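Okay, thanks for coming, everyone. I'll put the structure up and then we'll walk through it together, piece by piece.

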Amino acid sequence: MKKIDNSCSSCTKISIWAFLPFLTIFLIVFMITATNVFAETEVSIPNEASDISCAESGTCFLQSEVTISVGESVIWHNDSVVIHTVTSGNTEDGPDGVFDSNIIISGDTFTHTFTETGKYEYFCSIHPWMTGIVIVV
Ligand SMILES: [Cu+2]
């Protein structure tokens with residue numbers, strides 16, 4: 001008589017390994033999602049920003065032009081010893097009201113999340129030669 005093994009001692013092992021591909025996919029999706037949610041592009045406001053010569057070299061903001069994806073944020077760090085603002089718009093037409101940090105003191109930051117595509121010009125209302133642009137694609 002043939003012995004039939006009903007104990008299925010290998011069943012537990014099989015079921016654990018069967019979840020591995022799903023677990024891997026879940027982890028990959030989670031990491032991609034988490035990366036997008038928390039994606040922040042850093043822009044520094046350097047010490048030399050308060051000197052008008054930074055406008056010629058385009059170094060009033062570092063970097064003065066950044067490209068990000070919809071839903072991502074830009075965080076501006078005031079790495080200088082004086083106050084600045086990050087104000088959307090341009091010096092010709094003034095603020096356009098999309099975002100405005102108001103005064104950022106030395107060492108402080110301002111963050112804005114961009115939810116629509118477009119080209120967002122900004123400047124410092126205290127040092128109007130300080131201009132930058134955020135391109136959201
Ligand atoms: Cu400034």
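**A walk through the fold**

Let me begin at one glycine: glycine 97, which sits in strand β5. Is glycine 97 buried or exposed? It counts as exposed, because glycine 97 has just 9 other C-beta atoms within 10 Å, and 12 or fewer is what we call exposed. Its C-alpha is 8.0 Å from the C-alpha of threonine 87, a residue 10 places away in sequence. One thing to keep in mind while you look: this is a predicted model.

Okay, let's zoom out. The chain has two helices and eight strands. Reading from the N terminus, the order is α-β-α-β-β-β-β-β-β-β.

Those strands go into sheets, so let me take the sheet with β5 in it. It's an open sheet of five strands, in the order β2-β8-β7-β4-β5, and the pairing is mixed. Who stands at the edges? That would be β2, residues 65–68, and β5, residues 94–100; each has a single partner strand, so one side of each has no neighbour in the sheet. If you ignore direction, neighbouring strands here are turned by 35 degrees against each other on average.

Now let's step across that sheet, starting from β5. Its partner is β4, residues 87–90, and the two pair in the antiparallel sense over three bridges. What joins β4 to β5? A hairpin, going through three residues. If you want a spot to click on, asparagine 90 stands opposite glycine 94 in β5.

Next step: β4 also runs antiparallel to β7, and two bridges join them. There, serine 88 is across from tyrosine 122 in β7. Then β7 pairs with β8, residues 131–136, again in the antiparallel sense, this time over six bridges. In that pair, glutamate 121 has isoleucine 133 in β8 as its bridge partner.

A quick reminder for anyone colouring side chains: in a regular strand they alternate between the two faces of the sheet.

On to the other sheet I want to show. This one is open too, with three strands in the order β1-β3-β6 and mixed pairing. Its edge strands are β1, at 40–45, and β6, at 109–113, and each of them pairs on one side only. Neighbouring strands here are turned by 20 degrees against each other on average, direction ignored. Inside this sheet, β3, residues 73–78, pairs with β6 in the antiparallel sense over five bridges. You can find the register from histidine 77, which stands opposite threonine 109 in β6.

So what's in the middle? The largest nonpolar core has 18 residues, and the ones with the most contacts inside it are Ala49, Cys60, Phe61, Trp76, Val86 and Met130. Which elements give two or more residues to this core? Those are β1, β3 and β7, the last one being residues 118–123. The largest share, three residues, comes from β7.

Let me stay on alanine 49 for a second. Leaving aside its neighbours within four places in sequence, alanine 49 is in contact with Cys54, Cys60, Ser80, His84, His127 and Met130. For the chain as a whole, if you take contacts between residues at least 6 apart in sequence, 64% join residues at least 24 apart. And buried residues make up 20% of the 137 residues in the chain.

Last stop: two backbone spots to look at. For background, most residues other than glycine have a negative phi, and most peptide bonds are trans.

First, leucine 62 and glutamine 63 are joined by a cis peptide bond, with omega at about 0 degrees. Glutamine 63 is in the loop between α2, residues 54–57, and β2.

Then there's asparagine 102, whose phi is near 60 degrees, a positive value in a residue other than glycine. Where is asparagine 102? In the loop between β5 and β6. Asparagine 102 is exposed, because its count is 10 other C-beta atoms within 10 Å, and the exposed class takes 12 or fewer.

That's the tour. Shout if you want me to go back to any of it.

Technical notes. Residues numbered from 1 in each chain as written. Predicted model: local features only at pLDDT ≥ 70, side-chain atom pairs only at ≥ 80, totals over all residues. Pairing = 2+ DSSP bridges. Helix = DSSP H or I, 4+ residues; strand = E, 2+ residues; numbered from the N terminus. Axes fitted to C-alpha atoms, helices over the stretch in contact; angles between N-to-C directions. Contact = placed C-beta atoms within 7 Å. Core = buried A, V, L, I, M, F, W, Y, C linked by C-beta atoms within 7 Å.
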